[in-house]
Amino acid sequence: MKLTRASKNGRPLLGAHMSIAGGLPRAVERGLRVDCTALQIFTKSSNQWKARELGEEEMAAFRAAVEESPIGFVVAHDSYLINLASPDEELWEKSVKAFILEIRRCADLGVPVLVLHPGAHKNTGEGAGLKRISRALNRAHSETSDCPVTTALETHAGQGTTLGHRFEHLRDILAGLNNPQRAAVCFDTCHVFAAGYPIHTDEGWNETLEAFDERVGLDRLACVHVNDSKKGLGCRVDRHAGLGQGEMGLLPFWHLVNDPRTRDLPMVLETPKGEDLAEDVVNLGILRSLAGGDRP
Ligand SMILES: [Zn+2]
Ligand SMILES: [Zn+2]
């Protein structure tokens, strides 16, 4: 499986998650302010079930803004409330329906990839939780067979009973899919480190990528979330930090933008920032200078 990536003007696909406050086209404007060539958005409020109806005009304006911009890759992130591993039948059903709506929104907006948190099993066991995620994805994929949208399972930090913090989890979810070509993986550097994979050393970086390739396959990678971690290796806590501001150092980010296995992937920051986006400028600058630069 190879996802098509449009790199406009041959520039690497680097960007950040941007707020859609004020309407979807505003996310593109924000991205352009910090020279993004990749962009991540929520297509709706991330902490509410309710989804504001999107008008045809707003959707067309978003598609046109992306089209006219140097942005070559857009990804959406699903709502934090969705739990496709939920043992509560009602919540599971609600989650699947909300997830299907998000896939449809992505199709309407011309967004080719929707990243999802795999879900939390709530003390009902990993195996049962993983099966519920596969079942949810099978239903979502079959009900959206007309939507050219890839669903990308995100590597997770492993907080509480959340799944996806072992590459084996992703392997097992993918193995349960009727249409595995509808699914991919989003590699979050902070989450992988927090889950205990030592990507902050040369050896650890290589071993982690090899383990990922063996269990999941590097060709399944749709995109990368580029985040440093406020907490240490194996902490199982999800706290993002600016690049070089956390516990990971700059080495994994140097590997990321130089290793032939990862350097061409679309990358988006999810690092803390203020309204003026100054931190995005700094972090994107770090990534651009690491690419082709000396080992830190
Ligand atoms: Zn992430
Ligand atoms: Zn996170």
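**Cys-223**

I began with the burial of Cys-223 in this predicted model, and I recorded a relative accessibility of 1%, so that Cys-223 counts as buried, the cut-off for that class being under 20%. I then placed Cys-223 in the secondary structure and found that the residue lies in strand 7. Setting aside the neighbours within four places in sequence, I listed the residues in contact with Cys-223 as Phe-73, Val-75, Val-115, Val-185, Cys-186, Phe-187 and Pro-266. I also looked up a separation across the chain: Cys-223 and Asp-108 are 115 residues apart along the chain, and their C-alpha atoms are separated by 21 Å.

**Strand 7 and its two partners**

How many residues of strand 7 are buried? I found six of its six residues buried, and I therefore noted the strand as mostly covered, with buried meaning under 20% relative accessible area. On one side I followed the pairing with strand 6, where four bridges join residues 183–188 of strand 6 to residues 221–226 of strand 7, and the two strands run parallel. Within that pairing I noted that Cys-186 has Cys-223 in strand 7 as its bridge partner, and that Phe-187 stands opposite Val-224, again in strand 7. I next turned to strand 10, residues 267–269, which is joined to strand 7 by three bridges and likewise runs parallel to strand 7. There I recorded Leu-269 in strand 10 as the bridge partner of Val-226.

**The barrel**

In what order do the strands close into a barrel? I traced eight strands in the order 1-2-3-4-5-6-7-10, with parallel pairing, and for the twist from one strand to the next I noted an average of 30 degrees.

**Strands 4 and 5**

I then examined another part of the barrel order, where strand 4 (residues 113–116) and strand 5 (residues 150–154) pair in the parallel sense over four bridges. For the register I kept one pair, in which Leu-116 stands opposite Leu-153 in strand 5. For burial I found strand 5 mostly covered, with five of its five residues buried. Looking at the two faces separately, I placed Thr-150, Ala-152 and Glu-154 on one side and Thr-151 and Leu-153 on the other, and I recorded both faces as covered.

**Helix 3 against helix 4**

I looked up the packing of helix 3 (residues 89–109) on helix 4 (residues 126–143), and I found that their axes come within 10 Å and cross at roughly 40 degrees. Helix 3 and helix 4 are therefore oblique to each other, and I noted that helix 3 passes helix 4 in a right-handed crossing. From helix 3 I listed Trp-92, Glu-93, Val-96, Lys-97, Phe-99, Ile-100, Ile-103 and Arg-104, which meet Arg-132, Arg-135, Ala-136, Leu-137, Arg-139, Ala-140 and Glu-143 in helix 4. Sorting this contact of helix 3 with helix 4 by class, I obtained eight nonpolar residues, no polar residues and seven charged residues.

**Helix 5 against helix 7**

For helix 5 (residues 167–175) and helix 7 (residues 202–215), I found axes that come within 9 Å and cross at roughly 20 degrees. That angle makes helix 5 roughly parallel to helix 7, the class being for angles under 35 degrees. I recorded the crossing of helix 5 and helix 7 as right-handed. On the helix 5 side the contact is made by Phe-167, Glu-168, Leu-170 and Arg-171, and on the helix 7 side by Thr-208, Ala-211, Phe-212 and Arg-215. By class I divided the residues of this contact into four nonpolar, one polar and three charged.

**Thr-43**

Where does Thr-43 lie? I placed Thr-43 in the loop between strand 2 (38–41) and helix 2 (56–68). With a relative accessibility of 2%, Thr-43 counts as buried. Not counting residues up to four places away in sequence, I found that Thr-43 touches Ile-20, Leu-54, Ala-76, Glu-102, Arg-105, Cys-106 and Leu-109.

**Leu-24**

Lastly I looked up Leu-24, which lies in helix 1 (residues 24–33) and is buried, with a relative accessible area of 0%. Leaving out residues up to four places away in sequence, I noted that Leu-24 touches Ile-41, Phe-42, Leu-54, Glu-58, Phe-62 and Leu-109. Leu-54 and Leu-109 are also among the residues that Thr-43 touches. As a last distance I recorded Leu-24 and Cys-147, which are 123 residues apart in sequence and 20 Å apart in space, C-alpha to C-alpha.

Key. Residues numbered from 1 in each chain as written. Chains lettered and ligands numbered in written order. Predicted model: local features only at pLDDT ≥ 70, side-chain atom pairs only at ≥ 80, totals over all residues. Heavy atoms only, no water. Axes fitted to C-alpha atoms, helices over the stretch in contact; angles between N-to-C directions. Parallel < 35°, antiparallel > 145°, perpendicular 65-115°, else oblique. Left-handed = near helix turned anticlockwise from the far one by under 90°. Contact = heavy atoms within 4.5 Å. Nonpolar A, V, L, I, M, F, W, Y, C, P; charged D, E, K, R; others polar. Pairing = 2+ DSSP bridges. Buried < 20%, exposed > 50% of the residue type's maximum accessible area, 1.4 Å probe, protein only.
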